[in-house]
Amino acid sequence: MRFAAFLAVVALARTVGAQALVTSTAVRLRADASTDAAIDSVLPAGTRLRLVSDTSRGEFFRVQVADRPDRSGWVSGRYVIARVQPIA
């Protein structure tokens with residue numbers, strides 16, 4: 001069952017417009033989809049994001065900070081998880 005839930009989260013995370021959360025202590029918001037790219041800022045755990053796009057392999061996601069749409073950049077896919085809303 002855990003594997004099925006993991007696949008559902010991965011599928012949702014690749015959906016443009018999906019909401020996501022920073023899961024590590026902090027994640028670097030970068031200017032480009034590379035660990036060599038300039039760091040624009042550091043986002044704390046729990047920061048809400050909107051997924052804008054991803055790289056072809058899903059290693060990095062272009063995101064907007066949910067409460068600051070003017071703040072955007074790239075984050076590693078290792079440190080974000082799709083936000084799953086409960087069904088009402």
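Trainee: Along strand E1 (residues 19-22), which side chains point to one face and are buried?

Mentor: The model is predicted, so local features need pLDDT of at least 70 and side-chain atom pairs pLDDT 80 or more, while totals for chains, interfaces and linings use all residues. Residues are numbered from 1 along each chain as its sequence is written, and side-chain values use heavy atoms, with hydrogens and water left out. Strands are DSSP runs of E, at least two residues, numbered from the N terminus; buried means under 20% relative accessible area, exposed over 50%, partly exposed in between (1.4 Å probe, protein chains only). In E1, Gln-19 and Leu-21 point to the other face and are not buried, which leaves Ala-20 and Val-22.

Trainee: What is the bridge partner of Ala-20 in E4?

Mentor: Two strands pair if DSSP finds at least two bridges between them. E1 and strand E4 (residues 48-54) run antiparallel, joined by 3 bridges. Within this pairing, Gln-19 stands opposite Arg-50, and the partner of Ala-20 is Leu-49.

Trainee: Which residue of E7 is the bridge partner of Val-22?

Mentor: E1 also pairs with strand E7 (residues 80-82), in the antiparallel sense and over 3 bridges. There the partner of Val-22 is Val-80.

Trainee: Which residue in E5 does Leu-49 stand opposite?

Mentor: E4 pairs with E5 as well, antiparallel and over 5 bridges. In E5, the residue opposite Leu-49 is Val-65.

Trainee: Which element gives the largest share of the largest nonpolar core?

Mentor: A nonpolar core is a set of buried Ala, Val, Leu, Ile, Met, Phe, Trp, Tyr and Cys residues joined through side-chain atoms within 4.5 Å. The largest one has 13 residues, and those touching the most other members are Leu-43, Leu-49, Leu-51, Phe-61, Val-63, Val-75 and Val-80. Two or more residues come from each of E1, strand E2 (26-30), E4 and strand E5 (60-65). The largest share, 3 residues, is from E5.

Trainee: Which residues of the sequence does Val-63 touch, not counting those up to four places away?

Mentor: Contact means heavy atoms within 4.5 Å. On that basis Val-63 touches Leu-29, Leu-49, Arg-50, Leu-51, Val-52, Arg-71, Ser-72, Gly-73 and Val-75.

Trainee: Which side chains meet in a salt bridge, and at what N to O distance?

Mentor: A salt bridge is a side-chain nitrogen of Lys or Arg within 4 Å of a carboxyl oxygen of Asp or Glu, and a search of the whole structure finds 1. Arg-68 is partly exposed at 39% relative accessibility, whereas Asp-70, at 64%, is exposed. The side chains that meet are Arg-68 and Asp-70, at 3.9 Å.

Notes
Helix = DSSP H or I, 4+ residues; strand = E, 2+ residues; numbered from the N terminus.
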